[in-house]
Structures are given as C-alpha cells and as structure tokens.
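Visitor: I have a little time before my next run, and I'd like to go through this fold with you. Could you put it up so that we can both look?

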Amino acid sequence: MTLIGTRMVSDGKTARQLFEEVMANPARNKFGFGDKLAIVNVDFQQAYTRTDLFKTAYETDPRQIEYANIISRLAREKGMPVVWSRVGYKEDAGDAGVWGTRTDTPDSLQNIKYGSERHAYDPRCEIDADDLQYTKRMPSAFFETPLASYLRWHKVDTVVVTGGSTSGCVRATAVDALSYGFRTIVPIETCADKHESYHFANLTDLQLKYADVEPVQAVIDWLEAR
C-alpha cells in the first residue's frame, strides 16, 4: 500500500524540542489580531498559584502574573475588556458533576469551596472593579458562563488567554474561543503547568491548530500601538 498520510512519529524528541522547532519554522498562517481584543485570565486563584500554600499550585515563569497584569492594564487603557475566571463549588460539591468524582481529598478539585482560600484570587493579581469576574465549574472559561455573550456585546473579535493550566483550562478555553469564532492568542509567558512536557506539548498543539502562540511582547506591542 502506498503511504500518503503519516504514521505516528516516535523520534525521541522532547515536548520542548518539538515546540521550539514548530515556533522556529511556522508552517501555517497566523490568525492574527483583529480590531478589538479581550484578556481572559483563567484560574489565577491561590489553589493553583500559591506554591507557598498549596501543593496543587505550580509555577512555570515566575513573572507569569506580572505579565498578565501588564497586558490587562494596557487593555483597560485602550477600552478593551479584561476578564478573570476561577473554579469553585458549593459545599456539597453537587455542582462539580462527573469532573469531581475521580478523587476526594482535601486537595481535590471539587473541594475548592466558594469563598475559601483556594478559591481566592492570588493577591498579586491587579483586578479592576470593572473587570468581569466569575466562578466557573468546568475547564473552559466559556462553558455555561456569561463570557461569550459578554465578548459579543463588547464587539470583541480576538481573545487573549492567560493562566493555568496550559494543558487544562487554558487549552479548553482557547479551543472554545476558536470554536466561537474568535481569533485566539496564547502568550507563552502567561501560561503555566506542572510539568514542562504537558506545558510544551499543549502549546505546540495550540499553535498548530487552535491559536497563535506568541511571546507576551507581541500582545504588549499590539496594545501599545493602538
């Protein structure tokens, strides 16, 4: 049989190496920025950012939150929306669905209770009173939330996704952003994960299929030029 397609490649390269190769040799056109963006900051809550408090927290770039604050501040100055989502559940976790059934320990997802320290935003986040804030129940910041209608009302055509984890809620949010018809940008330094393999494998997949994976400076430059 003539092979036209591709059999799965196993060449021993690390996820980081594959990411660097893809970024150095882009094979597809970028989606690019449109006319108006929104910054969607996903799960900058203490359960996932405070490595000094919770073992569920993780850090990739130590300046992650600083970068998210910078692009959020610039977006506000240009009259563009800034959004902060986080995950949390009611006391009996009855709203966690099947996602909350795999484990049941104090560190489990469904045990992030409304108003708890794990639910609280990281105090390093610079959240403005006019930023949209809400609690979500599932990975995507779009799923059963006001996000899509909020962005449409504000005539947004581009979504910049930051936060964690790269392999989880960032990826889910970016895929949904594209599915809703938004140009989607994922700034590299603003995302984090527990292991570099998860982080870089998902950045690679996002770049190839669902988003423009860019240095955060690209977002800064675009906003400053508006």
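Visitor: Let's start with a helix pair: which residues in helix 1 meet which residues in helix 6?
Guide: Bear in mind that this is a predicted model. On the helix 1 side the residues are Ala15, Arg16, Leu18, Phe19, Val22 and Met23, and they meet Glu196, Ser197, Phe200, Ala201, Leu203, Thr204, Gln207 and Leu208 in helix 6. Sorted by class, this contact has nine nonpolar, three polar and two charged residues.

Visitor: And at what angle do helix 1 and helix 6 pack?
Guide: The angle is about 25°, and the axes are 8 Å apart. Because angles under 35 degrees count as roughly parallel, helix 1 and helix 6 are roughly parallel to each other. The crossing of helix 1 past helix 6 is left-handed.

Visitor: You listed Leu208; is that residue buried, partly exposed or exposed?
Guide: Leu208, which has its place in helix 6, counts as partly exposed, since its relative accessibility is 36%. Once neighbours within four places in sequence are left aside, Leu208 is in contact with Val22 and Arg28.

Visitor: How far is Leu208 from Ile112 in space?
Guide: From C-alpha to C-alpha, Leu208 and Ile112 are 33 Å apart, with their positions 96 residues apart in sequence.

Visitor: Back to helix 6 then, which residues of helix 5 does it meet?
Guide: Helix 5 meets it through Thr166, Ser167, Arg171, Ala174, Val175 and Leu178, and on the helix 6 side the partners are Tyr198, His199, Asn202, Leu203, Asp205, Leu206, Lys209 and Tyr210. By class, the contact of helix 5 with helix 6 has seven nonpolar, four polar and three charged residues. The axes of helix 5 and helix 6 come within 10 Å and cross at roughly 10°, so these two helices are also described as roughly parallel to each other.

Visitor: Which residues of helix 5 are buried, and what do they pack against?
Guide: Thr166, Cys169, Val170, Thr173, Ala174 and Ala177 are the buried ones. They pack against strand 1, strand 3, strand 4, strand 5 (183–187), strand 6 (191–192) and helix 6.

Visitor: What about the nonpolar core, how many residues are in the largest one?
Guide: The largest nonpolar core has 29 residues, and Leu147, Leu151 and Val186 have the most contacts inside it. The elements that each supply two or more residues are helix 1 (15–24), strand 1 (37–42), strand 3 (132–136), helix 4 (147–153), strand 4 (158–164), helix 5 (166–179) and helix 6 (196–210). Helix 5 gives the most to this core, with four residues.

Visitor: What does Leu147 touch?
Guide: Not counting residues up to four places away in sequence, Leu147 touches Val40, Val83, Tyr134, Ala141 and Phe142. Apart from the largest core lies another core, of 22 residues, which includes Ile65, Val82, Cys125 and Val219.

Visitor: Switching to helix 3 and helix 7, at what angle do they pack?
Guide: Helix 3 (residues 64–77) and helix 7 (residues 216–224) pack at about 15°, with axes 9 Å apart, which makes helix 3 roughly parallel to helix 7. Their crossing is left-handed. Tyr67, Ile70, Ile71, Leu74 and Ala75 of helix 3 make the contact with Val216, Val219, Ile220, Leu223 and Glu224 of helix 7. By class, that contact has nine nonpolar, no polar and one charged residues.

Visitor: Now the backbone: which peptide bond is cis?
Guide: The bond from Gly164 to Ser165 is cis, with omega near -10°, and Ser165 lies in the loop between strand 4 and helix 5. Just after helix 5, Gly181 takes a positive phi of about 95°.

Visitor: A glycine I can accept; what phi does Asp43 have, and where does it lie?
Guide: Asp43 has a phi near 60°, which is a positive value in a residue other than glycine. Asp43 lies in the loop between strand 1 and helix 2 (46–49), and it is buried, with a relative accessible area of 3%.

Visitor: And Ala93, what is its phi?
Guide: Ala93 has a positive phi of about 60° although it is not a glycine. Its place is the loop between strand 2 (82–87) and strand 3. At a relative accessible area of 16%, Ala93 is buried, because buried means under 20%.

Definitions and conventions. Residues are numbered from 1 along each chain as its sequence is written. This is a predicted model: local features need pLDDT of at least 70, side-chain atom pairs count only at pLDDT 80 or more; totals for chains, interfaces and linings use all residues. Side-chain values use heavy atoms; hydrogens and water are left out. A nonpolar core is a set of buried Ala, Val, Leu, Ile, Met, Phe, Trp, Tyr and Cys residues joined through side-chain atoms within 4.5 Å. Buried means under 20% relative accessible area, exposed over 50%, partly exposed in between (1.4 Å probe, protein chains only). Contact means heavy atoms within 4.5 Å. Axes are lines fitted to C-alpha atoms, for helices over the stretch in contact, and angles run from 0 to 180 degrees between N-to-C directions. Angles under 35 degrees count as roughly parallel, over 145 as roughly antiparallel, 65 to 115 as roughly perpendicular and the rest as oblique. A crossing is left-handed if the near helix is turned anticlockwise from the far one by less than a right angle, and right-handed if clockwise. Ala, Val, Leu, Ile, Met, Phe, Trp, Tyr, Cys and Pro count as nonpolar, Asp, Glu, Lys and Arg as charged, and the others, Gly among them, as polar.
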